Amino acid sequence: MGTAKTIQAAVVTKAVNGDRDAQAWLYHQYSKAMFNVCTRMTGNHSNAEDILQEAFMTAFKNLGQLKDADSFGGWLKRIVVNECIRHGKNGFAWSEWSDEQSDTLADETTEWWSTVSLEILHREIKKLPDGCRQVFVLYAMEDYSHKDIAADLGVSESTSKSQYHRARQLLRERINIQIAIHG
Amino acid sequence: MGELKKYLQQHKEEMSFDEPGPLLWEKIAAPPAKKQPGRLVKFTVRFAVAAVILVMLLAGIRFLTSEKTQEKIEPVAIKKQAPADTIPQPSTPAIAEIKDTVKPAPALAVVKAKKKPDERYALMKSFKESYGELVNYQLQNIRTTPVYAENPAYFNDFKTRLRQMDTDEAAIRTNIRQNGISNTLIEQLINVYQQKLDVLKSLQQEINKMNTRVQQENPADSLNKYYLNI
């Protein structure tokens with residue numbers, strides 16, 4: 001692990017100076033993980049590719065500002081997530097979500113999410129509607145707080161919470177359908 | 001932390017099932033300088049198209065106005081030569097006489113000098129009509145194209161640019177009314193029309209691109225469509 005970090009630090013140092021091979025190494029090292037963040041946030045490959053391209057170009061352009069080369073991954077992830085937020089910010093239609101609907105979540109006794117494969121879970125997250133999908137991914141997977149999500153997406157904290165519950169409810173319903181169909 | 005969140009956090013790294021396209025790195029790695037030839041070609045093509053349109057317009061105008069110009073020469077020329085109360089009725093032999101004269105009379109020279117602004121006004125009118133038709137045609141295309149993706153606000157930038165160009169066009173026309181026509185103003189007018197056509201073309205391409213993408217990724221019955229009010 002220590003050696004890997006040393007290699008990464010050396011590669012980042014070379015990439016700062018515009019070395020294409022070093023940049024290619026960083027791209028191949030991180031592109032898949034970052035792309036999956038993008039696909040979950042945007043819900044489709046085409047937009048995800050556009051965002052990933054933009055994010056890597058921004059990262060390489062501003063690589064000189066990165067103080068600790070070992071933290072490249074986290075730094076890149078922030079750029080990617082910010083690009084995803086920027087991309088979708090203006091286009092969300094926030095659907096209403098009532099308190100009664102939220103109450104049904106309290107009944108959860110089974111861990112329905114562990115009854116399906118991670119691949120199905122990943123696929124169903126991508127199919128969630130705009131708005132609630134981004135909130136769900138940011139909160140549950142990227143560990144953002146509702147306060148941060150509200151600030152970044154320009155909504156209230158309660159909207160962020162209700163959209164998270166909506167996403168969770170939809171996910172459960174859709175996964176239950178999947179189980180009913182495929183077993 | 002909720003159980004679902006905990007579960008997803010634990011398995012986040014394993015949930016990497018998607019892969020970016022193999023050509024994405026090529027796009028990222030392409031140096032910005034490589035874009036320059038593309039722009040140059042685009043500009044050259046645009047320039048060539050503009051030149052062809054201009055030549056065609058000029059040829060058309062010359063063809064349409066050649067007879068009218070000849071008709072106009074005669075009364076002005078005669079006006080200079082004779083008092084107002086003895087002006088003869090316009091007739092073709094009079095034109096022939098003026099044309100056959102070896103040394104043109106000063107009056108004819110005046111007529112020739114005055115022809116220029118007339119031609120330029122005719123040119124401007126012709127631009128307005130021909131470009132206007134093209135612009136309207138393109139606008140009609142866009143208004144009748146169903147849009148399946150994004151919301152109308154996504155296209156606000158195009159609308160703003162078109163509005164700005166309308167304002168620019170109005171300003172040039174006011175300038176022409178106040179200060180008379182000049183080659184510079186005609187050029188400015190052409191530029192505005194060309195920019196309008198470029199913006200409309202880009203908008204149409206953007207809509208087509210977006211529609212194709214959305215139609216490929218979603219079942220047809222789940223698509224909502226709307227029309228741009230532009």
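The following exercises concern the contact between chain B and chain A in a predicted model.

Residues are numbered from 1 along each chain as written, and chains are lettered from A in the order in which they are written. Local features need pLDDT of at least 70 and side-chain atom pairs pLDDT 80 or more, whereas totals for chains, interfaces and linings use all residues; hydrogens and water are left out.

**Exercise 1.** Determine how much area chain B and chain A bury between them.

*Solution.* Begin with the residues in contact (heavy atoms within 4.5 Å): chain B contributes 25 and chain A contributes 44. Next, take the buried area, the accessible area (1.4 Å probe) that two parts lose on being put together, summed over both. The value is about 3200 Å², with 60% on carbon and sulfur atoms. Finally, on the side of chain B, the residues that lose the most area are B:L4, B:D18 and B:W25, together 22% of what that side buries.

**Exercise 2.** Describe the position of B:D18 and its contacts with chain A.

*Solution.* First, locate the residue: B:D18 lies in the loop between α1 and α2 of chain B. Second, assess its exposure: at a relative accessible area of 7%, B:D18 is buried, because that term means under 20% (1.4 Å probe, protein chains only). Third, list its neighbours, among them A:F35, A:H45, A:H122 and A:K126. Fourth, examine the pairing with A:K126: a salt bridge joins the two residues, the closest N and O atoms being 3.0 Å apart. This term requires a side-chain nitrogen of Lys or Arg within 4 Å of a carboxyl oxygen of Asp or Glu. Between chain B and chain A, the count is 3 salt bridges.

Note on methods: Helices (H or I, at least four residues) and strands (E, at least two) are DSSP runs, numbered from the N terminus. Buried means under 20% relative accessible area, exposed over 50%, partly exposed in between (1.4 Å probe, protein chains only).
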